[in-house]
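Open the model in your viewer and keep the selection tool at hand. This tour goes from one selection to the next.

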Amino acid sequence: MKAPPFAYLRPAELSQALDLINIYGTDARLLAGGQSLLSALNMRLAAPSVLIDINGLTELTGITLQQDRLVIGALTRHAEIERSPLIAQHVPLLALAMPHVAHPAVRNRGTIGGSLAFADPAAELPACCVALDAVMIISGRSGERRVRARDFFHGLYETALQPGEILVAVEFAIARPGERCAFRELARRQGDYAMVGAVALSIVDGGVLHDVHLAFFGVGDRPVLAAYAAAQLEEGIATAERIAAAQQALVRDFSAQGDVYCSGAMRMHLARVLLGRVIHDLTRTDAGGVQA
Ligand code: FAD
């Protein structure tokens, strides 16, 4: 199918884009990489009368180190994040996750802002942002506001973005000494959205885990921070008993939903398996978990 007709506007500055999105309101959609939006138009799942192409907004591009924070502009392409030495050094979890996001052709166009604003519950980046406690920087006509990733995802394709707002950047704390991270997902084919995915982050000191963060994706209508499971692993060595306790505790964090590919019970089982694998990766000394 082909997209329904739409007017096409290409502002050159953020202020113009904000004016346009406020003039056209819900009749308009922002166009970033177009990798999700154009499919939705072609399948007639969306029919905005105006597309506001934000690709000319250079202030939304790039990766910058600002003291102990790394700021990624919303228009930064997945491929740039995948290859960035700054990301590899300071937010290595994103470098681990990025090869799992779709295929190279999609990663060449798709943007971090588009992925987060689209909020597919099986997408990799939202879960990474939740685990990393990233902060979304959002602009509207009344100014800028900041929303923690943990408060940003409200449900299936729903976020804290209000009509007339644009996600301009995402801010991450840089990795601390001794911090390690791990990423695993199970997908039906390489490049597909995950059936289930898990990310883990912790300071590892002499095998002891401190400040453990676990997040899961593909298990419900949004990425989930698994605080009960993580608590089972805090301040101890990741023994088989502790990992089993964390796997058992997962049911207190979420109840996985089923779909045509996988029942809820199967997803819960896979989430437990992935939990074991990411913790094993974190504590491996050779490879797997990435140390900052
Ligand atoms: P667009 O498609 O341009 O926009 C998506 C939505 O976000 C639109 O509603 C748009 O209005 C809104 N939007 C965009 N930018 C902003 C902004 N700055 N502020 C506010 N709203 C904004 N993704 C994964 O995570 N994992 C996968 O495995 C995966 N597989 C894919 C496989 C295929 C074949 C394809 C085509 C896509 C796949 N994707 C996957 C999606 C891909 O990551 C997209 O890049 C991403 O979901 C959307 O980014 P985009 O820049 O293309 O946004």
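The stops below cover the ligand, the shell around it, and then a pocket. Keep in mind that this is a predicted model.

**Stop 1: the ligand shell.** Select the ligand and the residues within 4 Å of it. You should have 30 residues. The closest include Leu30, Gly34 and Leu37, along with Thr111 and Glu124. Colour the shell by residue class: 16 are nonpolar, 11 polar and three charged.

**Stop 2: polar contacts.** Which backbone atoms sit by the ligand's oxygen and nitrogen atoms? Start at Gly34, where a polar backbone atom is 2.7 Å from a ligand oxygen. Go on to Ser115: one of its backbone N or O atoms lies 3.4 Å from an oxygen atom of the ligand. Then pick Leu167, which places a backbone N or O atom 2.9 Å from a ligand nitrogen. Now show the surface. The ligand taken alone exposes 970 Å², and the protein buries 89% of that.

**Stop 3: secondary structure.** Switch to cartoon. Select strand 2 (28–31), helix 7 (112–118) and strand 10 (166–173); each gives the shell at least two residues. Which element supplies the largest share of the shell? Helix 7 does, with four residues.

**Stop 4: the second largest pocket.** Move on to this pocket, with a volume of about 500 Å³. Its lining has 21 residues. Centre the view on Ala122, Tyr193, Ala194, Asp259 and Tyr261, the lining residues closest to the pocket centre. Colour the lining by class again: nine nonpolar, five polar and seven charged.

Notes. Residues are numbered from 1 along each chain as its sequence is written. This is a predicted model: local features need pLDDT of at least 70, side-chain atom pairs count only at pLDDT 80 or more; totals for chains, interfaces and linings use all residues. Side-chain values use heavy atoms; hydrogens and water are left out. A polar contact is a pair of N or O atoms within 3.5 Å; within protein, one must be able to donate a hydrogen and the other to accept it, and residues adjacent in sequence count only if both atoms are side-chain atoms. Accessible areas come from the Shrake-Rupley method with a 1.4 Å probe; for residues, only the protein chains shown count as cover. Ala, Val, Leu, Ile, Met, Phe, Trp, Tyr, Cys and Pro count as nonpolar, Asp, Glu, Lys and Arg as charged, and the others, Gly among them, as polar. On a 1 Å grid over the protein atoms alone, a cavity is a set of points where a 1.4 Å probe fits but cannot get out, and a pocket is an open set with protein on both sides within 12 Å along at least five of seven lines; lining residues have an atom within 4 Å of a point. Grid points are joined across faces, edges and corners, and a volume is the space filled by probe spheres set on the points.
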